[in-house]
Amino acid sequence: MSTSNETRIDDAVAALRRGEVIGLPTETVYGLAADASQPAAVAKIFALKGRPADHPLIVHIADADALPMWAATIPPAARQLAQAFWPGPLTLILQRTAHVPDTVTGGQDTVGLRCPAHPLALQVLRAFGGGLAAPSANRFGRISPTTAAHVRDEFGAGVPIVLDGGDCAVGIESTIVDLSGDTPRILRPGMISQAQIEAVIGPVALGSGVHSPRASGTLEAHYAPRTPMLMLPRAALENEAQQQRALGKRVALLALDALPADSEGEILPNEATAYAHGLYAALRTLDALGANLLLVERPPEHGDWLAVHDRLRRATVGAGADDDAP
Ligand code: TXA
Ligand code: MG
């Protein structure tokens, strides 16, 4: 066992140089990281995740100075957003350079780039010196990990080195902004909101758009528990829970602030940032109960909650599937 942080980081960097995959904490979710410049290393990520080869990965970099290595065109908006939000939970889609292997982008002419805010991730990136391709460290279509234990549960001996950076502060994946076309567009909402982005670069479209590149975060079924899942307002949720129990079903609840009497489940705060922080861990705990049905209390609809609703909607669509495909 390694003892100090320095030893762990040295081991991790050595493994990355050998073309191995490691579990890496970021402020959003844990990633499965490999050297983005080694196609064979990147291929291992796809094999571990069971992810289709045409779903592109995000390349993580130590700072905006590394952009020219990966991005052929760096529009002013990219510089402004990097300046405002990096290190942080924001991914920029830009035209790629020839340095970016096809395995990373699924053959597309664009690449996703992000500088993560987690101190361990930054230490690894600085010591490593290159870019790290890293998707969320979950099997394709399943719930993203927010602790090192989640990554170990999911991959076990398949990923021997998992750096433990504690609980992810943000808890849901980065906001993805596509700056590769004529109009800036948010492809995946996250805790950096449309309003925050517009305050820096002006109007931004929302949604995948007809011509935007394929993004697995835009597939309907994603982030999904194995237990069938239904989202309802509080009163309807309590009724449904009673009815299901009367039918002999075991029901697990995900409630805001407090559980109804005599029910089992998890509670999350009625505040978007805190809710996002706890969401994936709560879904994992609930899924492990082996209930017949997971009932989720519908959170508020206003602006702050957009990214949470996005993840809950996808989780609901994919829930109950008995394999890893969405
Ligand atoms: O917060 C995050 O972004 C986390 C942490 C580990 O950094 N990573 C993450 O990676 O969520 P992943 O692979 O689970 O999701 C990346 C998303 C996918 O939906 C992928 O399709 C999209 O980014 N993406 C990557 N490159 C793209 C590109 N060139 N064009 C469009 N979408 C892209
Ligand atoms: Mg993912």
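User: How many bridges pair strand E11 with strand E13, and in which sense do the two strands run?

Analyst: Strands, like helices, are DSSP runs numbered from the N terminus, with at least two residues for a strand (E) and at least four for a helix (H or I), and two strands pair if DSSP finds at least two bridges between them. Here strand E11 (residues 251–256) and strand E13 (residues 293–297) pair in the parallel sense over four bridges, and Val251 stands opposite Leu293 in E13. This is a predicted model, in which local features need pLDDT of at least 70 and side-chain atom pairs count only at pLDDT 80 or more, while totals for chains, interfaces and linings use all residues. Residues are numbered from 1 along each chain as its sequence is written, and chains are lettered from A and ligands numbered from 1 in the order in which they are written.

User: In what order do the strands of that open sheet lie, and which strands stand at its edges?

Analyst: The order is E10-E13-E11-E12, four strands with parallel pairing. Strand E10 (229–232) and strand E12 (264–268) each have a single partner strand, so one side of each is left without a neighbour in the sheet. From one strand to the next the twist averages 20 degrees, where axes are lines fitted to C-alpha atoms (for helices over the stretch in contact) and angles run from 0 to 180 degrees between N-to-C directions. Helix H10 (residues 272–288) packs on this sheet and touches E11, E12 and E13, its direction making about 165 degrees with that of E12; contact between two residues requires their C-beta atoms, placed from the backbone, to lie within 7 Å.

User: Is Ile267, in strand E12, buried, exposed or partly exposed, and which residues does Ile267 touch?

Analyst: A residue is buried if 20 or more other C-beta atoms lie within 10 Å of its own, exposed if 12 or fewer, and partly exposed in between, with C-beta atoms placed from the backbone. Ile267 is partly exposed, because 15 other C-beta atoms lie within 10 Å. Leaving aside residues up to four places away in sequence, Ile267 touches Ala255, Asp257, Ala258 and Leu259; the C-alpha atoms of Ile267 and Ala255 are separated by 4.8 Å, although the two are twelve residues apart along the chain.

User: Where should I look for backbone angles that depart from the usual pattern?

Analyst: Most residues other than glycine have a negative phi, and most peptide bonds are trans. In the loop between E11 and E12, Asp257 has a positive phi near 70 degrees, and Asp257 counts as exposed because 11 other C-beta atoms lie within 10 Å. Asp262 belongs to the loop between E11 and E12 and has a positive phi of about 60 degrees although not a glycine; Asp262 is exposed, with 8 other C-beta atoms within 10 Å. A cis peptide bond, with omega about -10 degrees, joins Trp86 and Pro87, and Pro87 is found in the loop between H4 and E4.

User: What is the strand order of the nine-stranded sheet, and which helices lie against its strands?

Analyst: This open sheet has mixed pairing and the order E1-E2-E6-E3-E5-E4-E7-E8-E9. Strand E1 (22–24) and strand E9 (205–206) stand at the edges with a single partner strand each, so one side of each is left without a neighbour in the sheet. Helix H2 (residues 39–49) packs on the sheet, where H2 touches strand E2 (31–35) and strand E6 (132–133) and makes about 155 degrees with the direction of E2. Helix H4 (residues 76–85) lies across strand E4 (90–95) and E7, running at about 160 degrees to E4. E7 and E8 pair in the antiparallel sense over three bridges, and the bridge partner of Ile176 in E8 is Arg188.

User: How is the chain divided into domains, and how many residues does each domain give to the contact?

Analyst: Domain bounds come from an automatic or database domain assignment, which gives domain 1 (5–218) and domain 2 (229–318). Their centres, taken over C-alpha atoms, are separated by 28 Å, and the contact takes 15 residues from domain 1 and 15 residues from domain 2.
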